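Hi there,

Here is the structure I promised to pass on to you. Have a look at it first, and then read my notes below.

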Amino acid sequence: MTVNRKIFKAYDIRGIYPTEINEVGVVMIASKLANHFKGRIIIGRDTRLSSPALYQQLKKGLSANKDLEILEAGLITTPMMYFLVNQLKLAGGVMITASHDPKEFNGLKIVG
């Protein structure tokens with residue numbers, strides 16, 4: 001299984017759920033991301049219907065790095081995630097969201 005390259009944008013990862021981005025792709029991306037973070041990170045999600053399932057797979061993939069401490073914020077906004085990364089001096093954060101895109105989209109915003 002490969003991840004659709006079309007979902008990788010300049011500033012985030014976004015695609016139509018579940019044809020372009022789905023649980024399998026998110027766990028694969030997250031397991032690779034896990035190698036780039038050291039220390040503590042925060043994860044969050046938006047209110048899209050597909051976000052809870054993608055959030056669980058994000059957590060699963062990031063857990064591949066046993067040295068990574070994952071703080072679960074659950075349902076939050078992207079600005080809240082950015083604030084928490086800075087306020088708590090975290091190594092980074094990952095948000096399940098497709099921002100302003102229509103409801104059939106979803107994706108990941110990553111900050112380090």
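Let me start with a question: does N106 count as buried or exposed, going by its relative accessibility? N106 counts as buried, because its relative accessibility is 0%. (Buried means under 20% relative accessible area, exposed means over 50%, and partly exposed is in between, with a 1.4 Å probe and protein chains only.)

Before going on, a word on where this comes from. It is a predicted model, so local features need pLDDT of at least 70 and side-chain atom pairs count only at pLDDT 80 or more, while totals for chains, interfaces and linings use all residues. Residues are numbered from 1 along each chain as its sequence is written, and side-chain values use heavy atoms, with hydrogens and water left out.

Now the overall picture. The protein has three helices and five strands. (Helices, H or I with at least four residues, and strands, E with at least two, are DSSP runs numbered from the N terminus.) Reading from the N terminus, the order is β-α-β-α-β-α-β-β. A compact globule of 112 residues would have a radius of gyration near 13 Å, and the protein agrees with that, at 13 Å. (That radius is taken over C-alpha atoms, and the globule rule is 2.2 Å times the number of residues to the power 0.38.) Along the principal axes, the C-alpha atoms fill a box of roughly 35 × 30 × 25 Å. Of the 112 residues, 46% count as buried.

Contacts come up a lot from here on, and the word means heavy atoms within 4.5 Å. Among contacts with a separation of 6 or more, 66% are between residues 24 or more positions apart.

Back to N106, which sits in strand β5. Leaving out residues up to four places away in sequence, N106 touches a long list of residues, including I13, R14, G15, S50, L54 and T97. Its side chain makes a polar contact of 2.8 Å with the side chain of S50. (A polar contact is a pair of N or O atoms within 3.5 Å; within protein, one must be able to donate a hydrogen and the other to accept it, and residues adjacent in sequence count only if both atoms are side-chain atoms.) A polar atom of the N106 side chain also lies 3.4 Å from the backbone nitrogen of T97.

So what about T97 itself? T97 lies in the loop between β4 and β5, and at 4% relative accessibility it counts as buried. The side chain of T97 has a polar contact of 2.8 Å with that of D46. Not counting neighbours within four places in sequence, the contacts of T97 include R48, T78 and K109.

Next, the helices. Helix α2 has 12 residues (51-62), which at 1.5 Å a residue should span 16 Å, and its end C-alpha atoms are indeed 16 Å apart. (The expected span is 1.5 Å times one less than the number of residues.) Its buried residues are S51, L54, Y55, Q57, L58, G61 and L62. These cover an arc of only 165° around the axis, which puts them on the same side of α2. (The arc is that of the directions from the helix axis to the C-beta atoms.) Their cover includes α1 (23-33), β2 (40-45), β3 (69-75), β4 (92-96) and β5 (105-111).

In α1, the buried residues are G25, V26, V27, I29, A30 and L33, and they pack against β1 (13-16), α2, β4 and β5. At the N-terminal end of α1, N22 acts as a cap, with a side-chain oxygen 3.1 Å from the backbone nitrogen of V24.

Last, some backbone oddities. Most residues other than glycine have a negative phi, and most peptide bonds are trans. Here, though, a cis peptide bond joins Y17 and P18, with omega about 0°; P18 is in the loop between β1 and α1. K89, in the loop between α3 (78-87) and β4, has a positive phi near 55°. K89 counts as exposed, at 72% relative accessibility. S99 also has a positive phi near 55°, and lies in the loop between β4 and β5. At 36% relative accessibility, S99 counts as partly exposed.

Cheers!
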